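Student: I should like to test the terms used for this model against their definitions. May I put my questions one by one?

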Amino acid sequence: MSATTPNPASAPDEVTLVDTVITGATVLTHTTRPAPAYPELPREDVEARGTATFLDDHAIGTRGGVIAWVVPTASVPASVLDAAARIDAHGLVAIPGLMNGHTHSPMTMFRGSAEDVPTNEWFNKHIWPMEVNLTDRDVYLGAQLAIGEMLLGGVTSFADHYFATDQIARAVEESGARALLASTFFSSQGPAGVESSAAFAERWNGAAGGRIRTAMGPHATYTVDDADLELTAAHARRLGIRTHIHAAENMQQTESSLAKRGVTPIQVLHDTGVLEAGAIIAHGTGIVESDLEWLVPYADRVGVASCSKVYMKHAHTTTPVRMLHDAGVTVGLGTDGPASNNTLDVLESLRILSLKQKDAHLDATWLTSQHALDIATRQSAAVFGQEASLGALLPGYTADIVLIDPSAPHMQPMHDLAAALVLSVRASDVRTVLVDGEVVVRDGRLTRLDLGEAIAELNARIPELTDRSRGSIQDYAP
């Protein structure tokens, strides 16, 4: 396979006994980077965050859900191979498990139900009136369907922001996937909203053998007041978790906040302590240059999840990735919910982000394919606050691994593997997926989930779910 490099890998005596060995893969790898201190990093170190290389014909050994070694296949002793479960990956590309940095997974139930309308109508006339109809069962089934879709597309981790989050956690636990779950609340719910979010976060953090982590889930700076955001930050500090929140979703929100309050949504997050405690900022297309004053000091614990397809669909500007990158603020990939994105395909999101950035800057040299792969892996892991254990195929990292088949006609002939993985790959090219070293997708089929019942039941629920006559959970007025 072209566009690969040899690797002076570990000597054979370092190849210890393991549970599973993946052999013959072309492995996407990264050099490790220093602990984040981005405001102090020289520019060349910031730019190095956009690098990726490939190791041809390598083996990955996993033990106890962790990568033990990555070495040339030929250097693995027969005794190690004989003692392990083996996965033949000759002709396949191994990448770290993809991470969806912002979604509302149960909204699979509203996929395609609100199309070709502006944002305010999308919320006020469609989505929020329909969400009044939700039952816990709907959320559970919607999450099941979403998790299956994501796993089949190589997404091993997702940051979810929704209601009835116990049901989502239950679906994650059963599926073998990994998730960072935030229970959404509005200030219109009164004191119970923030307290319920904190209680969920405390109850589920570290569950499912550590596959479930949690965050605080205020909906947005325009639906949650400053007092509740301050309380959110206090709970986040107490629990040692981040906050997942919509902020500066589009330029209209930023302009509205400046007109009404004299501050941007990002400054609101700073002034209420949310940034200091750590945050995933969903979208951030309305982030302006002056916001760097608030973001840069906390760049080691704040990231922006960009969902480029949704911004194109809803006719918004896009996340200012270049400005954030040059300032050392991490940007990761997200899809948003399937009601707005239509799919949970992170590979599609990667391709659109890459192309949209070139288009936005009219610069074909900006956001190379290697840089895009780094956003999809290491930088997305940093948005989750898990860059020390996820987002790279290196010894000591968690064994979340995806095997992709590049042999299909749409990826051949192979001139540039990085470009093929960004610009040509499809979710259907994913063959095998491991989470915590466990195979959850084998040969393109889920090993833990059977989605037939969920699909049938959700289709039967469509008339009830799409009834828009019962009021609304909130009014969209940013």
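Student: Why is G273 called buried?

Tutor: Buried means under 20% relative accessible area, exposed means over 50%, and partly exposed lies in between (1.4 Å probe, protein chains only). G273 has a relative accessibility of 9%, which is under 20%, so the residue counts as buried. This is a predicted model, in which local features need pLDDT of at least 70 and side-chain atom pairs count only at pLDDT 80 or more, while totals for chains, interfaces and linings use all residues. Residues are numbered from 1 along each chain as its sequence is written, and side-chain values use heavy atoms, with hydrogens and water left out.

Student: Where does G273 lie, and which residues is it in contact with?

Tutor: G273 is placed in the loop between α9 (265–271) and α10 (274–277); helices (H or I, at least four residues) and strands (E, at least two) are DSSP runs, numbered from the N terminus. Contact means heavy atoms within 4.5 Å. Setting aside neighbours within four places in sequence, G273 is in contact with A233 and R237.

Student: What makes R178 and D400 a salt bridge?

Tutor: The term requires a side-chain nitrogen of Lys or Arg within 4 Å of a carboxyl oxygen of Asp or Glu. The side chains of R178 and D400 meet at 2.8 Å, N to O, so the pair satisfies the definition. R178 belongs to strand β8 (residues 178–185) and D400 to the loop between α16 (369–383) and β14 (401–404), so this bridge ties together parts that are 222 residues apart in sequence.

Student: Are R178 and D400 buried or exposed?

Tutor: R178 has a relative accessible area of 6%, and D400 has a relative accessibility of 4%. Each value is under 20%, so R178 and D400 are both buried.

Student: How do you know that R322 and D363 form a salt bridge, and what parts of the chain does the pair link?

Tutor: Their side chains meet at 3.1 Å, N to O, which is within 4 Å. R322 is in helix α13 (residues 321–327) and D363 in the loop between α15 (346–361) and α16, so that distant parts of the chain, 41 residues apart, are linked. Against the accessibility limits, R322 at 26% is partly exposed, whereas D363 at 17% is buried.

Student: What N to O distance supports the salt bridge of R431 and D405?

Tutor: The distance is 3.6 Å, again within 4 Å. R431 is partly exposed at 27%, and D405 is buried at 15%. A search of the whole structure finds 20 salt bridges. R137, E453 and E457 are linked in a network of such bridges.

Student: What makes the side chains of H161 and T184 a polar contact?

Tutor: A polar contact is a pair of N or O atoms within 3.5 Å; within protein, one must be able to donate a hydrogen and the other to accept it, and residues adjacent in sequence count only if both atoms are side-chain atoms. The H161 and T184 side chains are joined at 3.0 Å, so the distance fulfils that limit. The side chain of H161 also reaches the backbone oxygen of P218 at 3.1 Å. H161 is found in strand β7 and is buried, with a relative accessible area of 1%.

Student: How do you know that β6 and β7 pair?

Tutor: Two strands pair if DSSP finds at least two bridges between them. β6 and β7 have four bridges, in the parallel sense, so the requirement is met. T103 has D160 of β7 as its bridge partner. In strand β6 (residues 98–103), six of the six residues are buried, so the strand is largely enclosed by the rest of the structure.

Student: What makes a set of residues a nonpolar core, and which residues of the largest one touch the most other members?

Tutor: The term denotes buried Ala, Val, Leu, Ile, Met, Phe, Trp, Tyr and Cys residues joined through side-chain atoms within 4.5 Å. The largest nonpolar core holds 115 residues, of which F110, I127, I266, L275, I281, L295 and L421 touch the most other members. Helix α4 (residues 136–152) gives the most to this core, with nine residues.

Student: Why is this core said to lie between domain 1 and domain 2?

Tutor: Domain 1 (20–96 + 393–446) and domain 2 (98–384) both give residues to the core, so it lies between them; the bounds come from an automatic or database domain assignment.
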